[in-house]
Amino acid sequence: MFMRKLLICITLLASLPALAQQPPAADQGPNLGDQLVQQVLEPLRTGMQAQNLDSVLALFDKQELDNYADLQAHLQAFFQNFAQIDLRYQLLQAAADKDRASATVEMQMDALPYEPTQIAVRRSTRMRFQLKLGPNGWKIAGITPPDFFNVEYSPK
């Protein structure tokens, strides 16, 4: 019985490819797309839906983003006008070069106003994110279109 089990084990080991010589895929860490979803897109979605201005602004690189103060004012006004925000995204493409990256994202947002006489807002666009890798991960250094999170938005 022992010899039969030993023979089966030897046969199985001999038939396995050289996987033991390769590091497991988990050791390679998350790819760029996974990093952007975890560090930027998902926190953006949850921050917008929770209407947490500080958590949304924390995703942006204050020094790199040209219109940071405008973004802050527009987000604050947006949160003051809308009671419920539903943000959805689909990462279409991501590329990195050293500490810079870009991502193309299909973004959709529905927002219900506080004022019942106001019309609900639905926006959908393909956004382009410029990102910078910092000590705590990826930060947004630029977005196109820049007015997607404004109260007044005119899709191109």
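Here is a short tour of this predicted model, one selection at a time.

**Colour by confidence.** Start with pLDDT: the protein chain averages 83, and 78% of the residues score at least 70. Now select residues 2-28. Here pLDDT stays under 50, and the model has zero contacts beyond four places in sequence for this stretch. Helix H1 (residues 2-15) has the lowest mean pLDDT among the elements of the chain, at 42. For the other end of the scale, click on helix H3 (residues 53-57), which has the highest mean, 97.

**On to the sheet.** Show the strands and you'll find four of them in an open sheet, ordered E1-E2-E3-E4, with antiparallel pairing. E1 and E4 (137-144) are the edge strands, each pairing on one side only. Turn the view to look for the twist, which averages 30° from one strand to the next.

**Zoom in on E1 and E2.** Select residues 82-97 for E1 and residues 100-113 for E2. The two strands pair in the antiparallel sense over 14 bridges. Want one pair to check? Pick Asp86, whose bridge partner in E2 is Asp110. Then go to the turn: E1 and E2 make a hairpin with two residues between them, and Lys98 in that turn has a positive phi of about 60°.

**Add E3.** Bring in residues 121-134. E2 and E3 run antiparallel and are joined by twelve bridges. A pair to pick out here is Ser102 with its bridge partner in E3, Gln130.

**Stay on E2 for a moment.** Is this strand largely enclosed or open? Switch on a surface for the rest of the structure: eleven of the 14 residues of E2 are buried, so the strand is largely enclosed by what surrounds it.

**Finish with the helices on the sheet.** Select residues 32-50, helix H2. H2 packs on the sheet and touches E1, E2, E3 and E4. Its direction makes about 165° with that of E1. Last stop: residues 68-81, helix H4. This helix lies across E1, E2 and E3, running at about 140° to E1. Keep H2, H4 and the strands on screen together to follow which strands each helix meets: E1, E2, E3 and E4 for H2, and E1, E2 and E3 for H4.

Definitions and conventions
Residues are numbered from 1 along each chain as its sequence is written. This is a predicted model: local features need pLDDT of at least 70, side-chain atom pairs count only at pLDDT 80 or more; totals for chains, interfaces and linings use all residues. Side-chain values use heavy atoms; hydrogens and water are left out. Buried means under 20% relative accessible area, exposed over 50%, partly exposed in between (1.4 Å probe, protein chains only). Helices (H or I, at least four residues) and strands (E, at least two) are DSSP runs, numbered from the N terminus. Two strands pair if DSSP finds at least two bridges between them. pLDDT is the predictor's confidence in each residue, from 0 to 100. Contact means heavy atoms within 4.5 Å. Axes are lines fitted to C-alpha atoms, for helices over the stretch in contact, and angles run from 0 to 180 degrees between N-to-C directions.
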